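Me: I would like to look closely at one charged residue in this structure and at the salt bridges around it. Please take me through its surroundings in one connected account.

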Amino acid sequence: MDGTRQWPRGIEVFAGALPDFDPDVAPADPVRLFLSWLLEALADGVRDPHAMTLSTVDPAGDSDARVLLLEGPDASGRQFAGHGFSPNGGQLACHPRAALTLHRAEHDRQVRIRGAVTPGSAEDNAADFLARTPVARAECLLARQSQYLTDLADRDRALARSLALVGKEPSPVDSAWTLHTVAATEVEFWQADQSRVHSRLGYERSGDRWDRLRLWS
């Protein structure tokens with residue numbers, strides 16, 4: 001165990017060619033920069049460039065986090081979806097604020113977002129649910145996410161029954177499925193540099209405009 005405390009320091013980081021980032025010419029709106037970085041990741045074949053860590057707080061004040069997928073970035077905020085009976089669904093109902101972190105290892109970039117979370121309308125929630133795959137919808141309709149699983153065969157039987165129902169009637173919508181929008185008040189873009197003098201650019205919401213601020217690395 002003593003040796004394992006040292007070996008992570010020997011792992012090479014920030015290797016290879018890294019993309020350029022000049023905070024001085026970054027756009028005034030963080031949404032534009034966010035989309036630009038996302039498009040660069042897609043063009044370079046970065047795996048799962050829309051994967052992000054959602055951080056929430058439970059009723060006891062303890063933090064929680066999980067990785068999920070970005071549904072859509074636009075002027076209203078960043079969107080993600082989940083079941084209302086899931087742990088983060090309950091946490092957001094109690095404390096409707098969240099932090100999002102996107103890390104793209106191939107580019108050695110991070111984006112951090114904080115803000116209030118609002119649920120979508122019934123229409124938006126239903127449209128998002130129906131856009132999911134049949135298996136994903138069947139799993140949601142079981143409403144058992146994060147519950148203890150003691151019998152894999154029981155899971156498979158329940159999923160098969162739910163999937164059969166979805167096949168017969170593909171329009172049912174789980175009323176607990178929710179499309180969430182994070183209205184960002186703070187956004188930070190971080191670009192690694194092999195010199196370890198990294199570039200950080202923060203955006204802070206001020207009324208109807210954004211203040212753009214350089215940050216120490």
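Reply: The model is predicted, and the account may begin with Glu188, which counts as buried because its relative accessible area is 10%, under the 20% limit. The side chain of Glu188 forms a salt bridge with the side chain of Arg200, with N and O 2.8 Å apart. Since Glu188 belongs to strand S7 and Arg200 to strand S8, the pair ties together parts that are 12 residues apart in sequence. Arg112 also enters the picture: salt bridges with shared partners join Arg112, Glu188 and Arg200 into one network.

The residue that follows Glu188 in the numbering, Phe189, shows the nonpolar surroundings. Among the residues that Phe189 touches are Phe21, Leu33, Trp37, Val111, Leu201 and Tyr203, and Arg200 is also one of them. Phe189 is listed with Leu33, Phe80, Val111, Ile113, Val187 and Tyr203 as having the most contacts inside the largest nonpolar core, which has 24 residues. Helix H1 (30-43) and the strands S1 (51-57), S5 (97-104), S6 (109-119), S7 (177-191) and S8 (199-206) each give two or more residues to this core. The largest share, 4 residues, comes from S7. As a general background, nonpolar side chains in soluble globular proteins tend to be buried together.

A second salt bridge invites comparison. The side chains of Arg109 and Glu40 meet with N and O 3.2 Å apart. This pair links distant parts of the chain, for Arg109 is in strand S6 and Glu40 is in helix H1, 69 residues apart. Arg109 counts as buried because its relative accessibility is 2%, whereas Glu40, at 29%, counts as partly exposed. The side chain of Arg109 also has a polar atom 3.1 Å from the backbone oxygen of Asp20. Leaving aside neighbours within four places in sequence, the contacts of Arg109 include Pro19, Phe21, Trp37, Leu102, Trp190 and Gln191. Phe21 and Trp37 appear among the contacts of Phe189 as well.

A further salt bridge joins Asp211 and Arg209, whose closest N and O atoms are 2.2 Å apart. Here Asp211 is partly exposed, because its relative accessibility is 26%, and Arg209 is likewise partly exposed at 45%. Across the whole structure, a search finds 9 salt bridges. To return to the starting point, Glu188 is a buried residue whose salt bridge with Arg200 ties strand S7 to strand S8.

Key:
Residues are numbered from 1 along each chain as its sequence is written. This is a predicted model: local features need pLDDT of at least 70, side-chain atom pairs count only at pLDDT 80 or more; totals for chains, interfaces and linings use all residues. Side-chain values use heavy atoms; hydrogens and water are left out. A nonpolar core is a set of buried Ala, Val, Leu, Ile, Met, Phe, Trp, Tyr and Cys residues joined through side-chain atoms within 4.5 Å. Buried means under 20% relative accessible area, exposed over 50%, partly exposed in between (1.4 Å probe, protein chains only). Contact means heavy atoms within 4.5 Å. A polar contact is a pair of N or O atoms within 3.5 Å; within protein, one must be able to donate a hydrogen and the other to accept it, and residues adjacent in sequence count only if both atoms are side-chain atoms. A salt bridge is a side-chain nitrogen of Lys or Arg within 4 Å of a carboxyl oxygen of Asp or Glu.
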